[in-house]
Amino acid sequence: MRTRSPRAYTFPIVLLVVVVLDWYYIGTAQFVNALTIGGVYALIALGYTMVYGIIELINFAHGDVFMVGSMVTMFLLTQLGLSGAVNNPIELAVLLVVTFLWAMTIMGIIGVIIERFAYRPLRNAPKLAPLITAIGVSFILENIAQILVGPSPVSVPQIIDTQAQVSLLGTEVSVLKLFVVVIAVALMVVLQLFITRTRMGRAMRSTAMDRDAAELMGVDINTTIAITFFIGSALAGAAGVVQGLYFGTTHFQIGFQAGLKAFTAAVLGGIGNTTGAALGGFIIGFIEVNSTVAGYSRWAEAIVFSILVLVLVFRPTGLLG
């Protein structure tokens, strides 16, 4: 029987201690705020790391898929005639389910279309070709959004009451923030179960390990990669819904910055590792919030990328490899 060495538990224990100390330092309200921001980054980062793990492509268009997801959310909620919070719990629950299914399905289909027509023809091309294509797809999505919606920020109906609060450890915390955290964690758990417990999940993992060997064993490579893009883009769509509900606004350029930070999260946690991508997203959220609490909000991004450089220098495979 194989047993883990004591060193295998060192990182989780150290991480838990750091989290508890940080909770004590920044307080419950800011702690939940960090989890909320980190959850959005983590959902986007999962799409990055899944695509890279399967075909070793850094999909720079993924951030703009997230942006389009927020636009799709805005379109649905405004077409339904909504302009503010929905107070009926049953009606609110139905609206949330419909909104997430709508955005995730549409963005999943868009992800499959992008893979089919932009990336699949270049699958055996030199690495630089699909990378440049991804940047081109990013600009295409941005320009389409700008033409359809306009260059100015647009409002997204916040159907969850932003003023509603609950008491958590003696601190009043926004219900909306707790909802975002729960949704993000739930989607991550479902993704992890899908990858580890289903037949398609095994096909995805085998394709990531050795594409040629997986194909010889009967794995349909094209279908597996298409489903990977569908799931990754659907998660970006879910992050777009969260963006709209939480911030109440969207813009055609939000995908670039969010995508860059999500890519940083994927690299920080270990590119190709879904657990690492989620961890990296939350770490960046905590770095940004701690920087703000310490009075260095203008330096938040510089601190994030400085830590990324240090990780790449001393542990190039990321925190979890």
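What span should the 16 residues of α9 have at 1.5 Å a residue, and how far apart are its end C-alpha atoms? The expected span of α9 is 22 Å, and its end C-alpha atoms are 23 Å apart, which agrees. The structure described here is a predicted model.

## Helix α9

Twelve of the 16 residues of α9 are buried, so this helix is largely enclosed by the rest of the structure. The buried residues of α9 include glycines, namely Gly255, Gly259 and Gly269. Among the others buried in α9 are Ala258, Lys261, Ala262, Phe263, Thr264 and Leu268.

Just after α9 comes Gly270, with a positive phi of about 125°.

## Helix α11

Helix α11 covers residues 300-314 and has 15 residues. From its first C-alpha to its last, α11 reaches 21 Å, close to the 21 Å expected at 1.5 Å a residue. Its buried residues are Ala300, Val304, Leu308 and Val311. Seen down the axis of α11, these buried residues fall within an arc of 75°, so they line one face of the helix. An α-helix has 3.6 residues a turn, so residues three or four places apart point the same way.

The buried residues of α11 pack against two helices, α9 (254-269) and α10 (274-293). On the face turned away from the buried side, α11 carries Val313 and Phe314, which are exposed.

## The largest nonpolar core

The largest nonpolar core has 89 residues. Within this core, Ile44, Tyr119, Ile159 and Leu235 touch the most other members. Helix α1 (residues 10-55) gives the most to the core, with 16 residues. In soluble globular proteins, nonpolar side chains tend to be buried together.

Leaving aside residues up to four places away in sequence, Ile44 touches His62, Phe66, Ala239, Ala258 and Ala262. Two of these contacts, Ala258 and Ala262, are among the buried residues of α9.

## Thr36 in helix α1

Which residues does Thr36 touch, not counting residues up to four places away in sequence? They are Lys177, Val180, Val181 and Tyr246. Thr36 has its place in helix α1. With 1% relative accessibility, Thr36 counts as buried, because buried means under 20% relative accessible area.

## The largest pocket

The largest pocket holds about 810 Å³ of space. It is lined by 26 residues, and the closest to its centre are Leu15, Val19, Leu279, Phe282 and Ile283.

Helices α1, α5 (175-197) and α10 each supply at least two residues of the lining. The largest share, ten residues, comes from α1. Helix α1 is thus named twice in this report as a main contributor: it also gives the most residues to the largest nonpolar core.

## Two loop residues

Glu56 lies in the loop between α1 and α2 (62-79). Although Glu56 is not a glycine, its phi is positive, at about 55°. Most residues other than glycine have a negative phi, and most peptide bonds are trans.

Asp210 lies in the loop between α6 (199-209) and α7 (211-216). With a relative accessible area of 40%, Asp210 is partly exposed. Asp210 and Ile54 are 156 residues apart along the chain, and their C-alpha atoms are separated by 9.2 Å.

Terms used:
Residues are numbered from 1 along each chain as its sequence is written. This is a predicted model: local features need pLDDT of at least 70, side-chain atom pairs count only at pLDDT 80 or more; totals for chains, interfaces and linings use all residues. Side-chain values use heavy atoms; hydrogens and water are left out. A nonpolar core is a set of buried Ala, Val, Leu, Ile, Met, Phe, Trp, Tyr and Cys residues joined through side-chain atoms within 4.5 Å. Buried means under 20% relative accessible area, exposed over 50%, partly exposed in between (1.4 Å probe, protein chains only). Helices (H or I, at least four residues) and strands (E, at least two) are DSSP runs, numbered from the N terminus. Contact means heavy atoms within 4.5 Å. The expected span of a helix is 1.5 Å times one less than its number of residues. The arc is that of the directions from the helix axis to the C-beta atoms. On a 1 Å grid over the protein atoms alone, a cavity is a set of points where a 1.4 Å probe fits but cannot get out, and a pocket is an open set with protein on both sides within 12 Å along at least five of seven lines; lining residues have an atom within 4 Å of a point. Grid points are joined across faces, edges and corners, and a volume is the space filled by probe spheres set on the points.
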